[in-house]
Amino acid sequence: MYCYPRLRDLREDRDLTQAAIGQLLGTTQQQYYKYEKGIQEIPAHHLITLADFYCVSVDYLLGRK
């Protein structure tokens, strides 16, 4: 299982839905749900897109800092 502790917090802080973030990434709500819950590893290009969108580092998204 993968761990992405901040994805949900960042999304909810901006009152966004999983479907909205899925659309931003060019994927489905169901796929994004799997990323957020740690069921599936999120691809690097999606992490970069999210880091740019939220104006944070990839390390922050991964819970490293």
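**Core and helix packing in a predicted model**

Modeller: The largest nonpolar core holds 13 residues, and those with the most contacts inside it are Leu-7, Ile-21, Tyr-32, Ile-42, Leu-50, Tyr-54 and Leu-61. Helix 1 (7-13), helix 2 (18-25), helix 3 (29-37) and helix 4 (44-54) each give two or more residues to this core. This is a predicted model, in which local features need pLDDT of at least 70 and side-chain atom pairs count only at pLDDT 80 or more, while totals for chains, interfaces and linings use all residues. Residues are numbered from 1 along each chain as its sequence is written, and side-chain values use heavy atoms, with hydrogens and water left out.

Biologist: What makes a set of residues a nonpolar core?

Modeller: The members must be buried Ala, Val, Leu, Ile, Met, Phe, Trp, Tyr or Cys residues, joined through side-chain atoms within 4.5 Å. Helices themselves are DSSP runs (H or I, at least four residues), numbered from the N terminus.

Biologist: Why is His-46 counted as buried?

Modeller: Buried means under 20% relative accessible area, exposed over 50%, and partly exposed in between, with a 1.4 Å probe and protein chains only. His-46 has 8% relative accessibility, so it counts as buried. His-46 lies in helix 4 and touches Leu-25 and Tyr-35, not counting residues up to four places away in sequence. Contact here means heavy atoms within 4.5 Å.

Biologist: How do you know that the buried residues of helix 2 line one face?

Modeller: Those residues are Gln-18, Ile-21, Gly-22 and Leu-25. Seen down the axis of helix 2, they fall within an arc of 105 degrees, so they line one face of the helix. The arc is that of the directions from the helix axis to the C-beta atoms. They pack against helix 1, helix 3 and helix 4.

Biologist: Which residues of helix 3 are buried?

Modeller: In helix 3 they are Gln-31, Tyr-32, Tyr-35 and Glu-36. Their arc of only 140 degrees around the axis puts them on the same side of helix 3.

Biologist: Why are helix 2 and helix 3 called roughly perpendicular?

Modeller: Helix 2 and helix 3 pack at an angle of about 100 degrees, with their axes 8 Å apart. Axes are lines fitted to C-alpha atoms, for helices over the stretch in contact, and angles run from 0 to 180 degrees between N-to-C directions. Angles under 35 degrees count as roughly parallel, over 145 as roughly antiparallel, 65 to 115 as roughly perpendicular and the rest as oblique. Helix 2 and helix 3 are therefore roughly perpendicular to each other.
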